[in-house]
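Open the model in your viewer and keep the selection panel at hand. The tour goes stop by stop: what to select, then what is there.

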4 protein chains.
Amino acid sequence: MTQDALRHWRRDLHRHPEAAWCEFRTTTLIAQRLHELGFSVVLGDQLLANNLIMGREIDVEAQKARALHQGAHPEWLARIDELTGVMGLWDSARPGPTLAFRFDIDAVEVEESQEAAHQPGQGGWHSANPGWMHACAHDGHTAIGLVLAERIAALADRLHGRIKLFFQPAEEGCRGGKALAAGGQLDDVDALLALHIGIHASSGELVVNPTEFLCSTKFDVEFMGQAAHAGLEPNAGHNALAAACMATTAMLGIPRHRDGMTRINVGQLNGGSGRNVIPGHARLMGETRGATPALNDYMFNQVQRIVEGAALMQGTTYLIRKQGEAIGIENSPALIEELVPLAQEIALETIHTRRFGASEDAGFLIERVQQHGGQAAYVILGANLAAPHHHPQFDFDEAVLAPGVSLLEAWLLARLGR
Amino acid sequence: MTQDALRHWRRDLHRHPEAAWCEFRTTTLIAQRLHELGFSVVLGDQLLANNLIMGREIDVEAQKARALHQGAHPEWLARIDELTGVMGLWDSARPGPTLAFRFDIDAVEVEESQEAAHQPGQGGWHSANPGWMHACAHDGHTAIGLVLAERIAALADRLHGRIKLFFQPAEEGCRGGKALAAGGQLDDVDALLALHIGIHASSGELVVNPTEFLCSTKFDVEFMGQAAHAGLEPNAGHNALAAACMATTAMLGIPRHRDGMTRINVGQLNGGSGRNVIPGHARLMGETRGATPALNDYMFNQVQRIVEGAALMQGTTYLIRKQGEAIGIENSPALIEELVPLAQEIALETIHTRRFGASEDAGFLIERVQQHGGQAAYVILGANLAAPHHHPQFDFDEAVLAPGVSLLEAWLLARLGR
Amino acid sequence: MTQDALRHWRRDLHRHPEAAWCEFRTTTLIAQRLHELGFSVVLGDQLLANNLIMGREIDVEAQKARALHQGAHPEWLARIDELTGVMGLWDSARPGPTLAFRFDIDAVEVEESQEAAHQPGQGGWHSANPGWMHACAHDGHTAIGLVLAERIAALADRLHGRIKLFFQPAEEGCRGGKALAAGGQLDDVDALLALHIGIHASSGELVVNPTEFLCSTKFDVEFMGQAAHAGLEPNAGHNALAAACMATTAMLGIPRHRDGMTRINVGQLNGGSGRNVIPGHARLMGETRGATPALNDYMFNQVQRIVEGAALMQGTTYLIRKQGEAIGIENSPALIEELVPLAQEIALETIHTRRFGASEDAGFLIERVQQHGGQAAYVILGANLAAPHHHPQFDFDEAVLAPGVSLLEAWLLARLGR
Amino acid sequence: MTQDALRHWRRDLHRHPEAAWCEFRTTTLIAQRLHELGFSVVLGDQLLANNLIMGREIDVEAQKARALHQGAHPEWLARIDELTGVMGLWDSARPGPTLAFRFDIDAVEVEESQEAAHQPGQGGWHSANPGWMHACAHDGHTAIGLVLAERIAALADRLHGRIKLFFQPAEEGCRGGKALAAGGQLDDVDALLALHIGIHASSGELVVNPTEFLCSTKFDVEFMGQAAHAGLEPNAGHNALAAACMATTAMLGIPRHRDGMTRINVGQLNGGSGRNVIPGHARLMGETRGATPALNDYMFNQVQRIVEGAALMQGTTYLIRKQGEAIGIENSPALIEELVPLAQEIALETIHTRRFGASEDAGFLIERVQQHGGQAAYVILGANLAAPHHHPQFDFDEAVLAPGVSLLEAWLLARLGR
């Protein structure tokens, strides 16, 4: 029955993938289900720090209309102001610690494969939203979260303490985690678990201490100058493209760092208009990376200084917008140790360390919990994959969902069981 | 009757404006009319030097289909391979000099005004091609040329020598003149007249020696490098955007010239793709200007050197494409003197010198004729305007067309009359 | 006798050329002579606005010792604190206007010719200070000023009003004029005359309205960053050389100006130390020019913005030091008209307009007088030259000195005679 | 007695430190001693490949005169054409392998300390050459080599095979090793040992497998353009300083490499002359580094491309001069193993691995031997130091010299003893 519910949710979500910050259908269905199961529901700016929202440029009304058309819950949709994402709070009313779980809910900008062998197509639950696809298993994460909520409701009498289920929007591009962490709902959490399906591990494996999470900042820069006729009065312009070119050149020259790997890229630059007009506007998209948060900070601090200097040189104004951010993750050692025997009981093979090698904004949540004295860990629930993450033929072995729920439930019982 | 024919042609052409290099309808109608009147018709690469074509990126089949739909002459359309423009040769079979006239036939990328007061709209002969408009009076120039052809046919018995009527494509952006000049059909011309309607002169005025034609080169540059993942192997890229930025910065630094006004602009730059990809491709649009051909050459020579150097610095390849070119114009003094009394006879007030202040690729034709020992001049046929050139409400006083024909006819008779 | 005195002074000064701001001998001899003749003597910061001194880096004690050794007047030398230059005020004690004259007194960094044909060498009055030479006729200007002082003393009873004789230091490099103008001693001047010997005019000619004085700003920029070991911790540096390179590149790219000639140059750049040290310091020397003060201001304003921006980009501090400055000159028309008949009386041929084509910091004095409601003019006293200005064989026809004095005296009498 | 000889040689050499490529006294004294002991002496271009000499700009005659004055051997000095450095070949005339040793002989540009506690000063054997000092123990290395030569002569009857003692010039700045390797004298060597005193190891220790030798290229770049008056004809210049600035900026932007540490620095730049002259000349000093030879090659290849491109952009010519080069070192494992028991026999404590962390051009010699099928190793002979290497108070415990000789002798006997 758990397996049926997991499959149901996963496929319904897979059929309706929603972009980062557009998860209106997903959010309302989760909210309604949590509500039905007796959870308190927390939404919007109760959950997210508005000023740290990144990479969100959406047409709210159009997205809500689309979501409604695709089966969003109308009443919850009405209650959502603008921000997606939802947290369910279950309170035993008995003293005890607060545990938390994080599930990310957004989809990826990938056109789902139409090939015959692709399971979602065969089953008729492939993406109904052209250009978007659950190609990173967040449908599976959300399904686990929803079935875990059912298990909590079923176990209600046997637990003490409190449980928070965080359904995070906009993990792709590392855009939502920072705002969720800063929202404050994690500050009283004693222990947090986040999981990800797949990622270099096979069905039946659990990686309890993944490493090498890349720290990165994604940013856009705009230079706003003054256009002028290049022939008639070149002196009247403030050349935004010249500023962008000098900034780009200077960014590429940010010195290497003694302490380890750093990266800088300006991936795209567009500036100017007519051939005979001094460019009044330019925009670039870039990213910094670092092996550690300090190294990434070093890089991004220099980017900011360079942009300011380049703007000054050309007499333009500028805007720097963070479009995404990820920091490192270091699992709490005691929590790692606690998970190993629990995994073994449900026949998951535990792998201690494996390279993650990508970015994850769960890092902000984990850091927040640890800074407030709690424990936190990010684990990989292995799964056989049909194709790599973000690939049009991505699919994962749904059989791993049930052990995923079991692991989280076992941990709940170990900590909160009476 | 002449006035009726002028109005008919002008308005038909105004109704069907065609972009540079897309003048298939216009070309075929002219060709047919010249043919009817007994002219030999010269087309395509008989007329234009293919290797000097600039700024031509069109879908020939789509444009031909559009032209056919809008009334192009099917047989002439079939004879056109790819290149627009047409010359009519009238040969008296009696010894004598060769005179030539140049009329430009293309329209401008301007959306024609829908305002009630705009005459073409009132008369129902406004542009049928969205986004394109005869907003620089080339419809008037072409009408003059066609009616002049009629006059020549009518005067046939009274003339000796030969007459060449050049209907030039792609004057806008200075894209066609150089290829037309190099095509060789001007090499035996003893005297060439080109005229332009409007341009700082009013109805009833004729400027016989306009000055300050700007020399300019319009160019596009592409840098082709090698994309690479900015995080995983930054060393594997050849950063085309970095090359474009350095080239842009260096171009802006081309030294001023002792001998007079120079200009440089990079009006647009677009490079790169994804934020985390080292840009493998970049493209920029620029222009140089100079008060003299030598000054413009100085500028463009430096541009070429800079582009080559920037490409080398980043290990990319590059392409520089001239997208347009204009040189200066110096009217042959004897020809100026010859026109003054002719103008007075038809009650045109002659103005000796007035600033032109823009670019004109008739300069190549004039230079070619003068280099081969002929005389050539570019004159302004004043006309009251509804709005400036290239403006959505541009319109000119059609009453100037008839005196325009009369002037050219009078000159013909003065030179070739028996 | 006047001719003897002129020759005496000119040759004594020629023998002892002194660099800008080092004119201690010259200043004391002038002061003593003015004092003897009954003038009040104004020195140092009574004369010059200290905060606008430019391009002055000298060893005062060494220069004073040298001057003393070469015949400086000991008592006046003791009264000079640090600043050279002197003004003599002659007050008739009768009501009347205040007239002023400006004579520049410094020499040029040129090694005087040893060739046999060079007159100063023949006469034994060639430069006694290796590397320095009166190669711009300031020795002649000063001689005229001193003999004019004698004439004023002789004419004392016949004059009303007041006369100020300004002996300006540091004209070379345009370093002293701005400070002299701002010193305030010109603010009550009703009319000022400045003259220059030579400059495209021959003996017997007087140019009363020279034109095309170049506006220019000479500047040094220092970037102070942080050195660091380039191998061990490149991140710890703030690369002053990188800032200087980017500033240089950006300065070269300051856009041309619609209104006329502009120039920019970075003539020298020195930065860094050891090969394996990130440069902590860099210094560059540059200049802007413009056909008008507004054009030069446009250029120098951009230089300042660029330097600030480049420093910001690299996290360095910076200093911009003006090392010299010249503005344009426009003679007061009424004063020009007044001089023409006076010149004719002493058989000087007046030339109205001739190109000056260099920089002169008398412009600041002239502007100051004109801003305070007075009249001012700069005239060229033609002289046959042995070689161009600043040339090792420069010499001028001493016969022009006497008419120079006569012209100034005639003007004095015309204005102040009773 | 060995100890006395070692001290004698070391102190005599310390007293007479000679710069890289100026080791004329040292070379002749070694040559004479080798000759006395029966070695064949190889000099100059018999030893070094002339085209790979780096960083050598000396006044040969002045240096030879100085050396003669300081006790150089006159006859050997006469035999030296220009190049310093010497090899002694000892041939047993009995079949057997060829062993080789490398000792570097040059001093460092450091002013030796005058402090009372500094031993060389106390003993009166401090540097007689102001500004130069044996502050890197090459005096000790050379002393070991000379006493080893004595031991070989003493052991002559007991050995077979051949022995080559390489006394290498110009190790500082990594200027001589590449030329020595390419000279060919190492090509028949079966096993090579090089040693260095000090370097993070204490008296009594021997590091048999030091790691992390930095690969580096030291280079100078000159840009030769065309000076021009910046005001009068800015177009006539080819701005060498602009080329240098753009090259510097671009070099700083060489992308990081996936495979590990890289470095780039432009440590010094000097360009231009007068403030109002477009710079016709500029020179910069730079270095690349890499964790591996491939990484350093990657960096230096990009430097070359950038310099060529920057020169092209400004229309200048350029010169790139390698001023030094070092590659990595990987000791032959079998040779490491062979040394361990030999060291233990003479009571040296062997340390397997320790970070070297600097550059050594012995790498070229080791690579050459290994490429020709031989074995080679670089070992650290620990020594207590008074101050770090290259410090004005550097001094080392002379007691380590004797065990150094013993180790080399023991190895000789183990390999060549009969």
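Which feature does UniProt place at residues 218-307 of chain A? The unreviewed UniProt entry gives "domain: Peptidase M20 dimerisation" for that range. Bear in mind throughout that this is a predicted model.

**Stop 1: the annotated range**

Select residues 218-307 of chain A. Helix makes up 31% of this stretch and strand 36%. Its end C-alpha atoms lie 14 Å apart.

**Stop 2: chains A and B together**

Show chain A and chain B. How is chain A superposed on chain B? A rotation of 180° does it, with 0.3 Å of shift along the axis and an RMSD of 0.1 Å. The two copies are therefore related as by a two-fold rotation axis. Both copies use the same surface: 100% of the contact residues of chain A recur in chain B.

**Stop 3: the A-B interface**

Select the residues in contact. There are 36 in chain A, facing 36 in chain B. The two chains bury about 2,700 Å² between them. Carbon and sulfur atoms give 52% of that area.

Now pick Arg263(A), Asn265(A) and Arg275(A). Together they supply 24% of the area that chain A buries against chain B. No other three residues supply more.

Stay on Arg275(A). Which residue of chain B forms a salt bridge with Arg275(A)? The partner is Asp220(B), with the closest N and O atoms 2.9 Å apart. Arg275(A) thus appears twice here: in the trio with the top share of buried area and in a salt bridge. The interface of chain A and chain B has two salt bridges by the rule applied. Polar contacts link 18 residue pairs between the chains, counting pairs with both residues at pLDDT 80 or more.

Color chain A by secondary structure next. Five elements each supply at least two residues of the side that touches chain B: strand 7 (215-224), helix 8 (240-252), strand 9 (262-272), strand 10 (277-278) and strand 11 (281-290). Strand 9 of chain A gives the largest share, nine residues. By class, this side of chain A has 14 nonpolar, 16 polar and six charged residues.

**Stop 4: chains D and C**

Hide the first pair and show chain D with chain C. A turn of 179° and a shift of 0.1 Å along the axis lay chain D on chain C, with an RMSD of 0.2 Å. Here too the same surface serves both copies, and 100% of the contact residues of chain D recur in chain C.

Select the contacts: 36 residues of chain D meet 36 of chain C. The buried area is about 2,700 Å², with 52% on carbon and sulfur atoms. Which three residues of chain D supply more of the area buried against chain C than any other three? They are Arg263(D), Asn265(D) and Arg275(D), with 25% of what chain D buries.

Look for charge pairs. The rule finds two salt bridges across this interface. Asp220(D) pairs with Arg275(C) in a salt bridge, the closest N and O atoms being 2.9 Å apart. The polar contact count is 18 residue pairs, both residues at pLDDT 80 or more.

Which element of chain D gives the largest share of the side that touches chain C? Strand 9 does, with nine residues. The classes on this side of chain D are 14 nonpolar, 16 polar and six charged residues.

**Stop 5: a pair inside chain B**

Show everything again. Over all chains, the whole structure holds 123 salt bridges. Zoom in on Arg10(B) and Glu398(B), whose side chains meet in a salt bridge at 2.9 Å, N to O. Arg10(B) sits in helix 1 (residues 2-15), and Glu398(B) in the loop between strand 14 (375-381) and helix 12 (401-416), so the pair ties together parts of chain B that are 388 residues apart in sequence.

How values were computed: Residues are numbered from 1 along each chain as its sequence is written. Chains are lettered from A and ligands numbered from 1 in the order in which they are written. This is a predicted model: local features need pLDDT of at least 70, side-chain atom pairs count only at pLDDT 80 or more; totals for chains, interfaces and linings use all residues. Side-chain values use heavy atoms; hydrogens and water are left out. Copies are superposed by least squares on the C-alpha atoms of residues with pLDDT of at least 70 in both. Contact means heavy atoms within 4.5 Å. UniProt positions are given in the numbering used here, feature names are shortened, and annotations may be inferred rather than shown by experiment. Helices (H or I, at least four residues) and strands (E, at least two) are DSSP runs, numbered from the N terminus. Buried area is the accessible area (1.4 Å probe) that two parts lose on being put together, summed over both. A salt bridge is a side-chain nitrogen of Lys or Arg within 4 Å of a carboxyl oxygen of Asp or Glu. A polar contact is a pair of N or O atoms within 3.5 Å; within protein, one must be able to donate a hydrogen and the other to accept it, and residues adjacent in sequence count only if both atoms are side-chain atoms. Ala, Val, Leu, Ile, Met, Phe, Trp, Tyr, Cys and Pro count as nonpolar, Asp, Glu, Lys and Arg as charged, and the others, Gly among them, as polar.
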